[in-house]
Amino acid sequence: MNRAVKVSLAGLGCAMLTLSVMPAATASRPELGDVQQALAELASSSEVVGAIGAVYVHGRRADRGSAGTRLLDGGGRIPPGARFRIGSQTKSMTQVVIMKLVTEGRLSLDDRLGDLLPEVAEQGLVRLADQITVGQLIHHTSGIPNWYTPDLVDYFDFDTYHPPIELIARTRDLPRPFPPGEGYSYSNTNYFLLGLIIEKLSPHHSVSAEFKERIFDRLRMKDTYLPAEFPDSIKGPHGHGYFPDENGELRDVDRLNMSYGYAAGGVISTTDDLSAFHRALATDLLTKEEQDALNAGRPDTGPPPGTDPRACGEYAPMKGGSPGFTALSYKNRDGSLQFIVSVTLGTRNQDPAVDPLVKKAAEAVLCPGADRRLRRHAEIRGKMP
């Protein structure tokens, strides 16, 4: 099977994309497109190995599908209920644990990094640590450089354990984009530091255990976990992602190094479990006070590119990705309508090449006939005096 190989690299990122969706067909059940058909078109791309997805209405699965193949050269389809890496959607879970620790009085969003983790200041691992707050770590306004970049990571090192503090230290000599609190720059280093803060202050002293008790067990996310030790392979049959080596040969990167995930992007889940999480996150997982406090420091990064002002609504999905995969969770404001999709890749350049394809699939599911309606709207407006 031939697969297109591109030239740019992608990181363990979480982006906010915009998807326009039409209103519900009825108060209880919106008009939905066919999930299997949308995924089949997505998987027809040479960059996509396989895709699974499901749509949820008021917390209940309304439809799901699987397209493409489990492995690059076959292996059958990915089971629709298979586990997959959610990447930086993990960061929302880290935020939940941090906010619970704030409510319990163990820390404040205004606490300084240098006070909470004095070792990073004393050892010179994070410059200006005495000026950086927990809130700035959460919202990527700390100015700490990102350690998860192609120059600092060996994507094919599957077995070497790198402690969080070692990966954080890789950024100490990198230039800072701005002083603390004076800008926005996405950085996984922020969430590795938050992970260490959780380990220091939480009852279990473990990010994995805190996720399990405070989120997974509470929401009955029985198939979800954060790997805590090697091996960190995905349990059960699942889709494998691929990434080109220095010679341009696609290699299986399913065994993503556990060290690279942690509190920034390490969780493994399913569409059902991830739907439960995002629905709870939109409703009652955090109290109103916790949500208000969390949002108070959120920077305005502006509307995502490509927003259509004629659309009747916008979805800003949570995204996670790394070499070999991308996973997105689309949901409306109250979480009553969701489309969860996981895509395994056979390409180097996953964001520009694949994101529009995933967005198109989501539009086909959540907004069937939207293009036709928008064209008709434009025609009517063109005839108006």
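Which residue in E3 is the bridge partner of Val-55? In this predicted model, the partner of Val-55 in E3 is Asp-63. The pairing belongs to a set of eight bridges that join strand E2 to strand E3, the latter spanning residues 60–68, and the two strands run antiparallel. E2 and E3 together form a hairpin, with two residues between the strands. One residue of the turn, His-58, has a positive phi of about 50 degrees.

Strand E2, residues 48–57, is also joined to E11. Nine bridges connect E2 with E11, and this pair is likewise antiparallel. Within this pairing, Ile-52 has Ser-342 of E11 as its bridge partner. E2 is mostly covered, with 10 of its 10 residues buried.

The search for enclosed space covered the whole structure and found three cavities of 30 Å³ or more. The largest cavity holds about 180 Å³ of space. Its lining is made up of 21 residues, of which Arg-85, Ile-234, Gly-239, Phe-325 and Thr-344 are the closest to the cavity centre. Three strands each supply at least two residues of this lining: E2, E4 (84–85) and E11 (337–345). Strands E2 and E11, which are joined by nine bridges, are therefore both represented in the wall of the largest cavity under the definition of strands as DSSP runs. By class, the lining of the largest cavity comprises 10 nonpolar, eight polar and three charged residues.

The second largest cavity contains about 90 Å³ of space. A total of 14 residues line the second largest cavity, and those closest to its centre are Arg-85, Asp-232, Gly-261, Gly-265 and Gly-266. Arg-85 is thus listed among the residues closest to the centre for the largest cavity and for the second largest cavity. The lining of the second largest cavity divides into eight nonpolar, four polar and two charged residues.

A further site examined is Leu-116, which is found in helix H3, residues 113–116. Leu-116 counts as buried because its relative accessibility is 10%, and the cut-off for a buried residue is under 20%. Leaving aside residues up to four places away in sequence, Leu-116 touches Leu-107, Asp-111, Val-134, Ile-197, Lys-200 and Leu-201. The C-alpha atom of Leu-116 is separated by 9.5 Å from that of Asp-130, a residue 14 places away along the chain.

Definitions and conventions. Residues are numbered from 1 along each chain as its sequence is written. This is a predicted model: local features need pLDDT of at least 70, side-chain atom pairs count only at pLDDT 80 or more; totals for chains, interfaces and linings use all residues. Side-chain values use heavy atoms; hydrogens and water are left out. On a 1 Å grid over the protein atoms alone, a cavity is a set of points where a 1.4 Å probe fits but cannot get out, and a pocket is an open set with protein on both sides within 12 Å along at least five of seven lines; lining residues have an atom within 4 Å of a point. Grid points are joined across faces, edges and corners, and a volume is the space filled by probe spheres set on the points. Helices (H or I, at least four residues) and strands (E, at least two) are DSSP runs, numbered from the N terminus. Ala, Val, Leu, Ile, Met, Phe, Trp, Tyr, Cys and Pro count as nonpolar, Asp, Glu, Lys and Arg as charged, and the others, Gly among them, as polar. Buried means under 20% relative accessible area, exposed over 50%, partly exposed in between (1.4 Å probe, protein chains only). Two strands pair if DSSP finds at least two bridges between them. Contact means heavy atoms within 4.5 Å.
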